[in-house]
Amino acid sequence: MTSVTIATGIVARNVCKSFGDHVVLDDVSLTVEEGTILALLGPNGAGKTTMVRILSTLIPADAGSARIVGHEVFADPDGVRAVIGVTGQFSAVDNLLTGRENLQLMADLRHLDRETGHRRVNELLERFELADAADESLSAYSGGMRRRLDLAMTLVDQPRVIFLDEPTTGLDPRSRRTMWQIIRELATAGVTILLTTQYLDEADQLADRIAVLDQGRIVAEGTPAELKDRIPGGHVRLHFADAHLLRSASELLPAAAPDQDQLVLQVAADGSVDSLRDLLDELDRARISVERLSIHTPDLDDVFFAVTGSHVSTELDGDPTPEGASTS
Amino acid sequence: MTTLASTFNDSRVMLRRNLKHQLRYPSMTVMLIGLPIVLLLLFVYVFGGQLGAGLAVHGGRDAYLTYVVPGLLLITVASAVQGTSIMVAMDMTGGIIDRFRTMAIARGSVLTGHVLGSLIQTLVAVAVLVGVAFALGFRSSAGVVGWLAAIGILTLFAFALIWLAVALGLAAKSVETASNTPMILFMVLFLSSAFVATATMPTGLRWFAEVQPFTPVADTLRGLLTGTAVGDHAMAAIAWSIGIAVVAYLWAISLYNRRRAAEQR
């Protein structure tokens, strides 16, 4: 990765940041090639938002360096601000203005001339399906509409690099898919995107490369396929009728991980028919009846588990915990 | 675009944004303009008969109306800057300020927009109040020059208090705090020569009333509009205004920058 050219989208080297005694980013380096999507994946409190805030010139880093399309983030923040767009976790819209006025405000602040500004605003309203509500106050907007407007505001001046901090947190599944579609179109159009997410499927769906951030350190990096390759095989989940059977099975297969609450035993397996037959034969011989089983091929959660030793929640919880709130 | 041109453009855009806010949030605008009118009616029709009798000129209600109009002009300013403080705090506690900070826009244009927007709102409120005062029978002995001088003094003082309100809005942790702290201005205003002559106050209070900034401003406005002696009040009013403006401006900028540097995650 040392042969990076100057114009590459985002290059961060050895970025460190602490708040008081609390180390939030510990020597983080990452590269996002022009026109690609990098997903910064990690649980709440991993330091994702802090990284975005540093790269988008909102806060200084304690150490390290970063360049956005060749502009030094710390030496030339205004140069960076001219080429980036940021859509944060919490909507950065003006609640007292209409959707159209919000977009026009961005056009005016980006110094677009009158005609270009109007055209751009109308284009974005159409593209983000906000044209019908364009002249309504934001109090009439749903969560999904606000998020779309938020992103549309970021795109008024066609930035070359976009930071999306948890762009779908708190959105319903349909709005989430719409947002994914928009993000894919942006990358196709050549925009460099750094996206943070705590959702594995989101990273898997959107990203060209994924960097896994855990407690301020990058613990794994690669394409979704490369990361999945790091896990040798999947596992089989055996469901039992009662705790007694689970205990017997657990004694028989000491390497497997039991889950007492769900009465499930998780056994490593490569997914081949032979290994499955062997497993079932062994249980049969011990007269342990299995209620049902499910076969699990490796996914990013396994990767995450393998590199950090803990699982990431894949569920959409509608109530995002702010970054930095301590969840382990 | 040059730095100067972009500063001008961005401040103009922010000003327009603030003026739109005032129109979109009419309940506050109406309250800020309405409060001084209600107080004017209260002072003239409820207190005016009694207070007028105590004036040096031994007038009645009409004489008190003449006396109290400068005081109500200052109430109007104090009321309007409360809105400034609220609007600034609303901006700082919302998400939009982070968006502005990641854009290449002129530093401070957000604050400039607030200051100019509030100044316009204040002058509109002042014009409405003067209109009502005339309707109630207020008559000024001032000519064009006198009015211009009075407007100048009032604008300068309003400018100073608006910067103070911006600083208070920036210092406030919440919108509620930002709406409460400017109340102190009303308290100080009541302890001045705005409503009664300081000579009628007990010694300690009189001392305070005579050294604080509202008194010279009120006396200057009264002198310019109704022909009483201006004396060195005008110099004191101008000095106070410039002093408050400079200190409040520096305080506001430092709060704005500190907020930026000490940003939480």
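This is a short walk through a predicted model with a chain A and a chain B.

Let me start with chain B. Chain B has 11 helices and 0 strands. Read from one end of the sequence to the other, the pattern is α-α-α-α-α-α-α-α-α-α-α. The radius of gyration of chain B is 19 Å, and the globule rule gives 18 Å for 265 residues, so chain B is as compact as a globular protein of that length. Along the principal axes, the C-alpha trace of chain B spans about 65 × 35 × 35 Å. Burial next. In chain B, 42% of the 265 residues count as buried. Now contacts in chain B with a separation of 6 or more: 77% of them are between residues 24 or more positions apart.

What sits inside? The largest nonpolar core has 88 residues. B:Leu74, B:Val77, B:Leu161, B:Trp163 and B:Val166 touch the most other members. Helix 3 of chain B, residues 61–93, gives this core its largest share, 18 residues. Take B:Trp163 as an example. Leaving aside residues up to four places away in sequence, B:Trp163 touches B:Val115, B:Ala245, B:Ala248, B:Tyr249 and B:Ala252. Another core lies apart from the largest one, and it has 52 residues. Its members include A:Leu30, A:Ala46, A:Ile54 and A:Ile84. As background, nonpolar side chains tend to be buried together in soluble globular proteins.

That takes us to chain A. Its secondary structure comes to 11 helices and 14 strands. Of its 328 residues, 41% count as buried. Among contacts in chain A between residues at least 6 apart in sequence, 69% join residues at least 24 apart.

Look at one sheet in chain A. It is open, with 4 strands in the order 2-1-4-5, and the pairing is antiparallel. Which strands are at the edges? They are strand 2 (22–32) and strand 5 (71–72) of chain A, and each pairs on one side only. Strand 5 of chain A pairs with strand 4, residues 63–68, over 2 bridges. In that pairing, A:Ile68 has A:His71 in strand 5 as its bridge partner. Helix 1 of chain A, residues 48–55, packs on the sheet. This helix touches strand 1 (10–19), strand 2 and strand 4 of chain A. The direction of helix 1 makes about 115° with that of strand 1 of chain A.

A little further along is A:Pro77, in helix 2 of chain A, residues 77–83. Buried or partly exposed? A:Pro77 has 19 C-beta neighbours inside 10 Å, and buried takes 20 or more, so A:Pro77 counts as partly exposed. The C-alpha atoms of A:Pro77 and A:Thr57 are separated by 6.0 Å, with the two residues 20 apart along the chain.

Now to strand 14 of chain A, residues 292–296. This strand is hardly covered: of its 5 residues, the count of buried ones is 0. Strand 14 runs antiparallel to strand 11 of chain A, residues 234–239, and 5 bridges join them. Within strand 14, A:Ser294 stands opposite A:Arg237.

Last, the contact between the chains. Chain B contributes 22 residues and chain A contributes 30 residues. On the chain B side, helix 1 (3–24) and helix 4 (96–101) each supply at least two residues. Helix 1 of chain B gives the most, with 8 residues. What is the make-up of that side of chain B? The residues divide into 7 nonpolar, 6 polar and 9 charged.

Methods. Residues are numbered from 1 along each chain as its sequence is written. Chains are lettered from A and ligands numbered from 1 in the order in which they are written. This is a predicted model: local features need pLDDT of at least 70, side-chain atom pairs count only at pLDDT 80 or more; totals for chains, interfaces and linings use all residues. The radius of gyration is taken over C-alpha atoms; the globule rule is 2.2 Å times the number of residues to the power 0.38. A residue is buried if 20 or more other C-beta atoms lie within 10 Å of its own, exposed if 12 or fewer, and partly exposed in between; C-beta atoms are placed from the backbone. Two residues are in contact if their C-beta atoms, placed from the backbone, lie within 7 Å. Ala, Val, Leu, Ile, Met, Phe, Trp, Tyr, Cys and Pro count as nonpolar, Asp, Glu, Lys and Arg as charged, and the others, Gly among them, as polar. A nonpolar core is a set of buried Ala, Val, Leu, Ile, Met, Phe, Trp, Tyr and Cys residues joined through C-beta atoms within 7 Å. Two strands pair if DSSP finds at least two bridges between them. Axes are lines fitted to C-alpha atoms, for helices over the stretch in contact, and angles run from 0 to 180 degrees between N-to-C directions.
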